Structures are given as C-alpha cells and as structure tokens.
Amino acid sequence: MDKKFYFSCKAVVVHDFRALVLYRNEEGKRRYDLPGGRILFGESPDVAVVRDIRFTVGMEVSIVKVIDTFSEQLGQEEQVVGMIYHCEVQEGNVRLSDYYDGYEWVEPERLSTCLRGQDLGKRMEAWNWDVILNQSIRWIERMVEVNMDT
C-alpha cells in the first residue's frame, strides 16, 4: 500500500487575546483542532492558511508570523507535516463549515491542554505566549498607525 504524505498549515487565530479552537465530537469526546488545512498544488502556505480559515470558519485574517512546525502521523499509512501561523482576525464572525461541530475562544495558554495527545499540543507546551501575544500588540499598533495615515 502506498503511504501518503501531506503538507498542511494551521493557525492560532487570535482575537481579543483569545485563541480560536475548533472541535469535532468523536465517540462521545471532543477532538480539538486549529483552523487550517492542506495546501493545494501551486499554492503558497501563506495563501493556503488564509483561504482555509475563510472556508473553515468564515473569517478574514491577517498573518502575523509563522510560530512553529508540526508533524503528525495518522495511522500507519499517512503523515501530515506543516506550519503553524499566528493570525489576527480582521473581520467576520465564526461560521463553521460542516466538518466541525463547534468552537471555543480560549486563553492561548489553554491550547496545549485542548490539543493534548497530539504532536501539536506537545509542541505548544514550549511556546512563549508572552512573546507571541506581544507580537500581536505590536501588529495591532502598526495596523492602527497605517489606518490613521490613510
């Protein structure tokens, strides 16, 4: 059997200093995930993450920066490798695609707990949220300055 390998991008979408986490109900338990998805052929990761967020949750976002990478094996025959972006909400309210059952806005520090048991959750435990959120503050300040100049 051929093994499958995918490249994906996910995002920590921040709004009012809370992060968006999505979930599906599987066997009576919530399986959490970050917004994002696979990169299409010919598409850049930056374009893919914005497109996937628009499709998955109906929001427009801006990329602040790449935070990390991840790798997750799905059974014996599939592997997903990807990038994790930090994005800020530009406009819109959450409108979930049919793939997810619900969502929560959580303190960023809680994301690793929501994603416990996944490679992504383990990686998040080492993140410095003060640094990540301070970049959000600087990004917001730059956006305000740009809007005031126009």
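Over the face of which residue does R38 lie, and at what distance from the ring centre? R38 lies over the face of Y6, at 3.4 Å from the ring centre. The model described here is predicted, and the following sections set this contact beside the fold, the aromatic residues, the cysteines, the surroundings of E26 and the largest pocket.

## Overall fold

The chain contains 4 helices and 7 strands. Their order along the sequence is β-β-β-β-α-β-β-β-α-α-α. Among the elements are strand β1 (4-15), strand β3 (29-33), strand β4 (36-38), helix α1 (45-57) and strand β5 (60-74), while strand β2 spans residues 18-26.

The chain has 150 residues, and 45% of them count as buried.

## Aromatic residues and charges over rings

The whole structure holds 2 aromatic pairs. One of them joins Y23 and Y32: the ring centres are 5.8 Å apart, and the planes meet at 65°, so the arrangement is edge-to-face. An angle over 60 degrees is what places a pair in that class. Both partners count as buried, because the relative accessibility is 10% for Y23 and 13% for Y32, and the limit for burial is under 20%.

Y99 and Y100 also form an edge-to-face pair, with 4.9 Å from centre to centre and 85° between the planes. Y100 is buried, its relative accessible area being 9%.

Y23 has a further partner in R30, whose charged end sits over the ring of Y23 at 3.9 Å from the ring centre. Y23 thus takes part in an aromatic pair with Y32 and also lies beneath the charged end of R30. The corresponding distance for R38 over Y6 is 3.4 Å.

## Cysteines

How many disulfides are there? The count comes to 0. For C9, the nearest cysteine sulfur is that of C87, at 8.9 Å, and C9 is in no disulfide. Likewise, C87 is in no disulfide, and the nearest cysteine sulfur to it belongs to C9, 8.9 Å away. A disulfide would require the two sulfur atoms to lie within 2.5 Å, so a separation of 8.9 Å excludes this pair.

Are these cysteines buried or exposed? C9 is buried, with a relative accessible area of 0%, and C87 is buried with a value of 0% as well.

## Surroundings of E26

E26 belongs to strand β2. With a relative accessibility of 31%, E26 counts as partly exposed, because this class covers values between the 20% limit for buried residues and the 50% limit for exposed residues.

The side chain of E26 makes a polar contact of 3.3 Å with the side chain of R24. E26 and D101 are 75 residues apart along the chain, and their C-alpha atoms are separated by 9.9 Å.

## The largest pocket

The largest pocket encloses about 660 Å³ of space. Its lining consists of 24 residues, and those nearest the centre are K10, D33, L74, Y99 and Y100. Y99 and Y100, which lie nearest the pocket centre together with K10, D33 and L74, are also the partners of the edge-to-face pair with 85° between the planes.

Several elements contribute to the lining: β1, β2, β3, β4, α1 and β5 each supply at least two residues. Which element provides the largest share of the lining? Helix α1 does, with 4 residues.

Definitions and conventions: Residues numbered from 1 in each chain as written. Predicted model: local features only at pLDDT ≥ 70, side-chain atom pairs only at ≥ 80, totals over all residues. Heavy atoms only, no water. Buried < 20%, exposed > 50% of the residue type's maximum accessible area, 1.4 Å probe, protein only. Polar contact = N/O pair within 3.5 Å; in protein donor to acceptor, adjacent residues only side chain to side chain. Phe/Tyr/Trp six-rings, centres within 6.5 Å; stacked < 30°, edge-to-face > 60°. Lys NZ or Arg CZ within 6 Å of the ring centre and 35° of its normal. 1 Å grid on protein atoms, 1.4 Å probe; cavity = no way out; pocket = protein on both sides within 12 Å on 5 of 7 lines; lining within 4 Å. Points joined across faces, edges and corners; volume = space filled by probe spheres on them.
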